[in-house]
Amino acid sequence: MALNLTINSSNPPLGALLAAEHVRSSVPVSVEEGKDTRLHISDSIQFNDGNSISRYLARVAPALGLYGANTMEQTEVDHWLEFSARRVCDQPGLTGALGELDKALSLRTFLVGHALTLADLSVWAALKGHVEWPSHGKSFPHVNRWFSFLSSQVPFTAVGNKYASKKAPMSKSNSDE
Amino acid sequence: MALRELSSLEKYLGLKKPNKYSTQGDKKVPVLQNNNGPPLLGLATIACHLVKEAKRPELLGDTAENRAVVQQWLEYRVTRLDSCTKEDIKIILKDLNLYLQDKVYLAGNQFTVADTLVYYGIHPLMVDLAVQEKEQYVNVTRWFDHIQHYPGVRHHLPPVVVLRNRIYTSRHH
């Protein structure tokens with residue numbers, strides 16, 4: 001089963017691209033640049049929303065644990081997916097959302113459980129593409145640590161370098177350690 | 001104590017054949033009688049040897065700078081943690097807390113053997129901390145919880161309960 005992901009090249013869905021990179025070893029996903037973001041599954045089923053695409057990809061590769069290890073963690077992942085879509089993505093005034101995120105990350109290395117999940121991918125992607133984030137980094141130490149930790153890992157560096165510049169030309173200041 | 005750590009480390013590294021260790025002196029310094037060389041003496045030395053034997057050199061750091069940082073923490077473990085008195089504990093936790101503020105692992109963004117040995121060494125201190133103290137040293141607690149859940153590391157040690165969110169949020173660290 002080969003999946004085909006088409007991305008809007010002027011506004012690439014970073015979270016979906018990260019999910020595609022992560023599942024690549026178990027499910028082949030081809031990525032093409034085009035006009036609209038779309039995951040083609042069959043002629044009758046296609047997904048357009050970044051989070052829906054990530055969810056689908058995580059579910060077809062359950063062994064990777066991207067959707068958490070149990071029902072409780074799944075619910076948490078859902079919480080953070082919604083958080084990234086409603087509180088971070090293209091929202092003006094990040095301070096409130098970052099405060100909440102900072103509190104949640106004070107005792108955690110990853111947002112959910114003890115390993116990487118969609119929650120990390122989606123929230124990282126939303127911050128990466130946000131013009132306000134670089135100027136806020138200093139005031140939220142826990143978010144900053146988590147963000148630069150993920151940014152240093154393999155699929156994140158690749159996706160960040162390749163696509164993030166197209167989305168927000170200003171978001172290149174996460175390298176200050 | 002040190003011998004159990006070394007056998008846990010062997011298991012983490014996936015070394016099939018367990019080594020036999022002896023100890024030397026009052027401080028029970030571990031000794032490894034190596035088959036093809038002189039005996040190796042001391043926890044950090046033997047740990048580095050095991051890592052090389054398992055062909056996992058990245059656990060000693062992947063850049064010159066990281067390798068130096070790993071050695072620094074191995075020495076810290078042996079000189080500072082292993083001989084710490086009751087009065088030292090607060091200073092150790094305070095310093096470590098500050099250091100870990102912006103780091104996931106001791107050497108930054110990469111897991112190394114330093115995380116394993118400092119985790120083993122600080123475990124007796126963490127077991128005795130109250131919930132409130134764990135939140136006071138929030139960065140140490142987060143790092144500790146991450147390492148104790150790191151696949152294959154904990155082995156011989158009992159898990160320490162760590163809350164997932166803070167209760168005493170008004171308290172500033």
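A residue is buried when its relative accessible area is under 20%, exposed when that area is over 50%, and partly exposed in between (1.4 Å probe, protein chains only). B:Tyr105 is buried, at 5%. This is a predicted model: local features need pLDDT of at least 70, side-chain atom pairs count only at pLDDT 80 or more, and totals for chains, interfaces and linings use all residues. Residues are numbered from 1 along each chain as its sequence is written, chains are lettered from A and ligands numbered from 1 in the order in which they are written, and side-chain values use heavy atoms, with hydrogens and water left out.

Start with the rings. Rings of Phe, Tyr and Trp (its six-membered ring) pair if their centres lie within 6.5 Å; planes under 30 degrees apart count as stacked, over 60 as edge-to-face and the rest as tilted. The structure holds 15 aromatic pairs over all chains. In one of them, the centres of B:Tyr105 and B:Tyr150 are 6.3 Å apart and the planes stand at 85°, so the pair is edge-to-face. B:Tyr105 lies in the loop between helix H4 (86-100) and helix H5 (113-127) of chain B, while B:Tyr150 lies 45 residues away, in the segment after H7. Helices are DSSP runs (H or I, at least four residues), numbered from the N terminus. B:Tyr150 is partly exposed at 23%.

B:Tyr150 has another partner. With B:Phe111 it forms a stacked pair, 3.9 Å centre to centre and 5° between the planes. B:Phe111 sits in the loop between H4 and H5 of chain B, 39 residues from B:Tyr150. B:Phe111 is buried at 7%. Ring pairs also draw in chain A: the cluster includes A:Phe110 and A:Phe149.

Now the charges. Side chains of opposite charge can pair when their charged atoms come close. A salt bridge is a side-chain nitrogen of Lys or Arg within 4 Å of a carboxyl oxygen of Asp or Glu. The count is ten over all chains.

One of them joins B:Arg164 to A:Glu76, with the closest N and O atoms 3.4 Å apart. This pair crosses between chains, from the segment after helix H7 (138-148) of chain B to helix H3 (residues 71-88) of chain A. B:Arg164 is partly exposed at 31%, whereas A:Glu76 is buried at 14%.

Within chain B, B:Glu5 and B:Arg77 form a salt bridge at 2.8 Å between the closest N and O atoms. The two residues are 72 apart along the chain, in helices H1 (residues 2-13) and H3 (residues 64-81). Both are buried.
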